[in-house]
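Hi,

Here is the structure I said I would pass on. Have a look at it first, and my notes follow below.

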2 protein chains.
Amino acid sequence: MAIAPYQRIVDDVKRQLRTGALRPGDRLPSTRELARQWKVALATAAHALRTLAQEGVVKAVPRVGTVVAGGPSRSGATRGSADLTRERIVRAAIAVADDEGLPALSIRGVAAKLGLPVMSLYRHVASKDVLLFMMAEIAFAEEPLPAKPPAGWRAQLELAARLEWRVFKRHPWLARVVNITRPQPQENALAFANWVLRALEETRLPAQEAMRVHVLLHTFVQGVAVNLESEADAVAQTGMNDEEFMQRNLDTFLRVATSGRFPHMERVLAGLRPGFDLDFDELFEMGLRVWLDGLEARLVRRPGPSKPR
Amino acid sequence: MAIAPYQRIVDDVKRQLRTGALRPGDRLPSTRELARQWKVALATAAHALRTLAQEGVVKAVPRVGTVVAGGPSRSGATRGSADLTRERIVRAAIAVADDEGLPALSIRGVAAKLGLPVMSLYRHVASKDVLLFMMAEIAFAEEPLPAKPPAGWRAQLELAARLEWRVFKRHPWLARVVNITRPQPQENALAFANWVLRALEETRLPAQEAMRVHVLLHTFVQGVAVNLESEADAVAQTGMNDEEFMQRNLDTFLRVATSGRFPHMERVLAGLRPGFDLDFDELFEMGLRVWLDGLEARLVRRPGPSKPR
DNA sequence: GTCATGATGCGTACGCTGTACGCAGGCGCC
DNA sequence: GGCGCCTGCGTACAGCGTACGCATCATGAC
């Protein structure tokens with residue numbers, strides 16, 4: 001399971017940038033040159049260069065070749081009208097994932113939906129992973145954080161968590177995607193993190209602790225969201241409607257649960273029978289409250305900046 | 001995206017059992033009869049019957065045909081030495097998932113590893129989903145709950161959470177699997193649930209609330225575990241070692257994070273630089289403590305004869 | 001004008017997946 | 001012996017992501 005060929009080239013160029021072997025303004029090897037050096041097809045070398053250009057590390061200068069971009073990345077500057085297709089692709093992909101579930105999302109499917117030739121998508125997105133990544137970015141951008149935060153760290157954390165939750169509810173597949181593409185720095189995830197960390201500054205938690213709180217909060221929202229997804233997916237995948245689905249599952253579930261081996265479970269089930277509906281919104285709100293209560297208690301217990309333990 | 005043909009047959013038989021159209025002792029249609037009725041291949045019909053037999057709903061009586069099993073399912077009774085292969089398969093699958101990651105797990109791969117013909121696995125496991133399900137069951141069984149619970153609801157919840165956590169650490173892929181196979185009643189998951197619910201009886205929480213607490217606790221552990229997985233997977237998939245991986249990610253991460261747009265993030269990062277290592281164990285313990293503190297506060301606040309510890 | 005060089009856009013094809021189906025062979029009853 | 005049925009496995013299919021090859025075009029040199 002090696003890295004994809006084009007990715008290997010991309011990595012190597014980046015490495016050369018780090019070590020200083022390549023500096024802003026330098027010319028990269030031409031497509032053909034790369035192809036020869038790496039023993040790959042022309043198209044693959046071109047793919048690598050295109051990827052680098054998309055990331056803004058590098059710029060394609062028409063009659064000169066490919067040149068290392070100088071200065072701070074002006075990401076978003078060059079993407080004017082030319083990337084309309086790119087956004088169309090990502091939005092189409094989101095639409096598919098939204099109403100057919102993540103497993104049903106395929107490059108070929110998106111291409112068909114847009115009436116584009118399959119391979120032409122790779123001109124704009126490099127790989128499916130990158131597609132997923134961009135889907136996540138666009139989805140999160142739908143719920144921007146307000147410019148003026150409310151007063152108090154708790155209110156700020158609540159706001160961030162609820163915003164994130166709302167996004168997850170709209171796009172159940174996100175919970176899984178966030179983990180697949182994980183180690184990548186999502187622009188909007190960072191904005192959330194930044195928001196949370198600012199809120200925590202007020203509490204004077206040490207950096208390490210603040211980081212943990214941030215991660216835990218994110219993990220909590222995501223954890224609940226993952227449940228949303230598996231339900232949405234199961235329904236979409238089997239083509240059942242909710243009722244059928246519930247019927248089938250409750251049946252087998254109850255058969256096992258009430259076998260006599262799980263008496264406490266049975267008792268609880270009996271206690272809530274009438275409207276047994278695990279409302280995820282309520283679950284989320286309860287979890288959030290409990291968690292923040294716990295955090296608040298911790299802060300009260302430990303006033304001022306102190307070392308953990 | 002319909003249900004698999006054999007699954008459709010299985011479901012229909014179960015439906016007939018529910019409605020009473022089939023009763024214990026009744027004979028099911030023969031393989032050929034089923035194949036004719038459903039317009040599927042003989043092998044598919046046989047597959048359906050085998051699945052039913054494996055689930056214990058039905059029994060294959062040699063010279064008579066297939067008969068609806070009577071009385072409570074004696075699951076585990078019939079599986080003597082005959083299912084040795086089945087267990088071998090599941091264990092092999094677990095081994096693959098453990099050290100190559102879930103994406104690398106394929107039926108063909110497992111078959112190759114065992115030196116068995118590919119299709120022969122379907123004789124014992126029905127489908128990949130079922131395989132995943134059984135993998136989860138076996139994995140969870142590795143950390144059985146003790147016979148004698150410790151004193152106090154909090155200690156009991158902690159124990160359950162830590163046990164679950166330990167399993168997830170050993171088998172990072174589990175976090176994802178639990179969600180894929182979700183709506184199925186896992187034997188061991190129920191045992192955990194039962195344990196948690198018993199612990200909560202002491203707190204006299206109403207049934208609905210107790211259920212939520214249980215789900216939230218499970219969600220929490222799982223949420224943290226999912227992070228474990230995505231890291232393990234990324235490493236396994238790219239074939240990098242941890243160091244390379246960290247290097248690459250930290251690099252791009254820092255490049256974006258320190259772009260000036262996320263000042264609070266930067267400040268926190270600066271504050272913990274020396275040993276920036278997000279230890280998941282510590283993260284888990286902190287989250288657990290905070291969460292249980294919050295829960296305890298809720299119980300105290302709530303009127304009712306509940307005494308902490 | 002002709003040509004060389006390089007980039008672009010896309011069709012083809014590969015290696016992989018899960019698994020439905022077909023078929024050979026064996027077993028037991030008539 | 002013949003028939004009916006089940007078992008076990010090989011073959012084949014539909015679908016995936018995407019590397020590679022080819023046709024086409026833009027451009028500068030001569």
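For the burial figures, I call a residue buried if 20 or more other C-beta atoms lie within 10 Å of its own. With that cut-off, 32% of the 309 residues in chain A are buried. Do keep in mind that this is a predicted model.

On the overall fold, chain A has 14 helices and two strands. If you take the contacts in chain A between residues at least 6 apart in sequence, 66% of them join residues at least 24 apart.

One helix I looked at more carefully is α7 of chain A, residues 128-141. Its 14 residues should span 20 Å at 1.5 Å a residue, and the end C-alpha atoms are indeed 20 Å apart, so the two agree. The expected span there is 1.5 Å times one less than the number of residues. The buried residues of α7(A) include Leu131(A), Leu132(A), Phe133(A), Ala139(A) and Phe140(A). Met135(A) is another of the buried residues in that helix, and it is also among the residues with the most contacts inside the largest nonpolar core.

That core has 119 residues, and Val196(A), Met135(B) and Val196(B) join Met135(A) as the ones with the most contacts inside it. Apart from it lies another core, of ten residues, with Val10(B), Val13(B), Leu34(B) and Ala48(B) among them. As a general point, nonpolar side chains tend to be buried together in soluble globular proteins. As for Met135(B), once you set aside its neighbours within four places in sequence, its contacts are Val90(B), Ala93(B), Ile94(B), Ala97(B) and Val177(B).

Now the DNA. Around strand C there are 31 residues, and the closest are Thr31(A), Pro117(A), Ser120(A), Ala41(B) and Ala43(B). At least two residues of that surface come from each of α2 (31-38) and α3 of chain A and α1 (5-19), α3 and α5 (107-114) of chain B. α3(B) gives the most, with four residues. By class, the surface near strand C has 17 nonpolar, nine polar and five charged residues.

Strand D has 30 residues around it, of which Ala41(A), Ala43(A), Thr31(B), Pro117(B) and Ser120(B) come nearest. The elements giving two or more residues here are α1 (5-19), α3 (42-55) and α5 (107-114) of chain A, plus α2 (31-38) and α3 (42-55) of chain B. Here α3(A) gives the most, with four residues. The surface near strand D divides into 16 nonpolar, nine polar and five charged residues.

Cheers

Note on methods. Residues are numbered from 1 along each chain as its sequence is written. Chains are lettered from A and ligands numbered from 1 in the order in which they are written. This is a predicted model: local features need pLDDT of at least 70, side-chain atom pairs count only at pLDDT 80 or more; totals for chains, interfaces and linings use all residues. A residue is buried if 20 or more other C-beta atoms lie within 10 Å of its own, exposed if 12 or fewer, and partly exposed in between; C-beta atoms are placed from the backbone. A residue is near a molecule or strand if its C-beta atom, placed from the backbone, lies within 6 Å of it. Ala, Val, Leu, Ile, Met, Phe, Trp, Tyr, Cys and Pro count as nonpolar, Asp, Glu, Lys and Arg as charged, and the others, Gly among them, as polar. A nonpolar core is a set of buried Ala, Val, Leu, Ile, Met, Phe, Trp, Tyr and Cys residues joined through C-beta atoms within 7 Å. Two residues are in contact if their C-beta atoms, placed from the backbone, lie within 7 Å.
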